[in-house]
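I opened the notebook to record what I looked up in this structure. The entries follow the order of my lookups.

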Amino acid sequence: MFWRFDKNGDRRLSKQELKAAFKELGALIPGFRANRGLHHADANGDGYISDEEVDKLVKYAYQLGYKVN
């Protein structure tokens with residue numbers, strides 16, 4: 001589900017792309033969720049979620065009760 005929001009096709013999710021994804025999931029404050037998602041999943045601290053990090057992002061979303069397909 002998150003990869004649908006990789007608008008530039010670089011196989012990394014930026015904060016803006018995460019914000020759009022959490023908005024689609026129904027987050028009341030998608031910018032906050034995007035920041036927290038980066039905090040939880042961005043292991044290397046580059047400000048993006050990569051292929052290697054996306055599983056952590058999905059786990060974070062599930063912990064919040066979102067259903068990610």
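**Entry 1: Gln 16.** I started with exposure. Gln 16 is exposed, with a relative accessible area of 54%. I placed Gln 16 in helix 1. I note here that the model is predicted. I then checked a distance from Gln 16 to Ala 41. Their C-alpha atoms are separated by 15 Å, and the two residues are 25 apart along the chain.

**Entry 2: the faces of helix 1.** Which residues of helix 1 are buried? I found Glu 17, Leu 18, Ala 21, Phe 22 and Leu 25. Seen down the axis of helix 1, these buried residues fall within an arc of 135°, so they line one face of the helix. I looked at the face turned away from the buried side. The exposed residues Gln 16, Lys 23 and Glu 24 are carried there. Next I asked what covers the buried residues of helix 1. The cover includes helix 2 and helix 3. I also checked the backbone past the helix end. Gly 26, just after helix 1, takes a positive phi of about 100°.

**Entry 3: the faces of helix 3.** I repeated the lookup for helix 3. Its buried residues are Val 54, Leu 57, Tyr 60 and Ala 61. Seen down the axis of helix 3, they fall within an arc of 115°, so they line one face of the helix. On the other side of helix 3, I found Asp 55, Lys 59 and Gln 63 exposed. Helix 1 and helix 2 are among the cover over the buried residues of helix 3. Just after helix 3, Gly 65 has a positive phi of about 95°.

**Entry 4: the core.** How many residues make up the largest nonpolar core? I read 19 residues. Those with the most contacts inside this core are Met 1, Phe 2, Leu 18, Phe 22, Leu 25, Ile 49 and Leu 57. Helix 1 (15-25), helix 2 (30-41) and helix 3 (54-63) each supply at least two residues of the core. I then listed contacts for Ile 49, leaving out residues up to four places away in sequence. Ile 49 touches Leu 18, Leu 38, Val 54 and Leu 57, among others. Its contacts also include Trp 3, Arg 11 and Arg 12.

**Entry 5: Ser 14 and Pro 30.** Is Ser 14 buried or exposed? Ser 14 is buried, with a relative accessible area of 17%; the cut-off for buried is under 20%. Ser 14 sits in the segment before helix 1. Not counting residues up to four places away in sequence, Ser 14 touches Gly 47 and Tyr 48. I turned to Pro 30, which is found in helix 2. At 13% relative accessibility, Pro 30 counts as buried. With the same sequence exclusion, Pro 30 touches Lys 19, Phe 22 and Lys 23. I also took the C-alpha separation of Pro 30 and Ala 20. It is 7.2 Å, for residues ten apart along the chain.

**Entry 6: a surface patch.** I searched for nonpolar surface. Leu 28, Ile 29 and Phe 32 make a nonpolar patch of about 380 Å². Ile 29 lies in the loop between helix 1 and helix 2. Ile 29 is exposed, with a relative accessible area of 55%.

**Entry 7: the phi of Arg 11.** Most residues other than glycine have a negative phi. I noted Arg 11, with a positive phi of about 60° although it is not a glycine. Arg 11 lies in the segment before helix 1. Arg 11 is partly exposed, with a relative accessible area of 41%.

**Entry 8: salt bridges.** I searched the whole structure and found four salt bridges. One joins the side chains of Arg 4 and Glu 24 at 3.6 Å, N to O. Arg 4 lies in the segment before helix 1 and Glu 24 in helix 1, so the pair ties together parts that are 20 residues apart in sequence. Arg 4 is exposed, with a relative accessible area of 52%. Glu 24 is exposed, with a relative accessible area of 52%.

Arg 12 forms a salt bridge with Asp 10, with the closest N and O atoms 3.6 Å apart. Asp 46 and Arg 12 also meet in a salt bridge, at 4.0 Å, N to O. This pair links distant parts of the chain, 34 residues apart: Asp 46 is in the loop between helix 2 and helix 3, and Arg 12 is in the segment before helix 1. Asp 10, Arg 12 and Asp 46 are thus linked in a network of salt bridges.

Methods: Residues numbered from 1 in each chain as written. Predicted model: local features only at pLDDT ≥ 70, side-chain atom pairs only at ≥ 80, totals over all residues. Heavy atoms only, no water. Core = buried A, V, L, I, M, F, W, Y, C linked by side-chain atoms within 4.5 Å. Buried < 20%, exposed > 50% of the residue type's maximum accessible area, 1.4 Å probe, protein only. Helix = DSSP H or I, 4+ residues; strand = E, 2+ residues; numbered from the N terminus. Contact = heavy atoms within 4.5 Å. Arc of directions from axis to C-beta. Patch = residues over 30% accessible without salt bridge, like charges linked within 9 Å, V, L, I, M, F, W, Y side chains within 5 Å. Areas by Shrake-Rupley, 256 points an atom, 1.4 Å probe, with all protein chains shown as cover.
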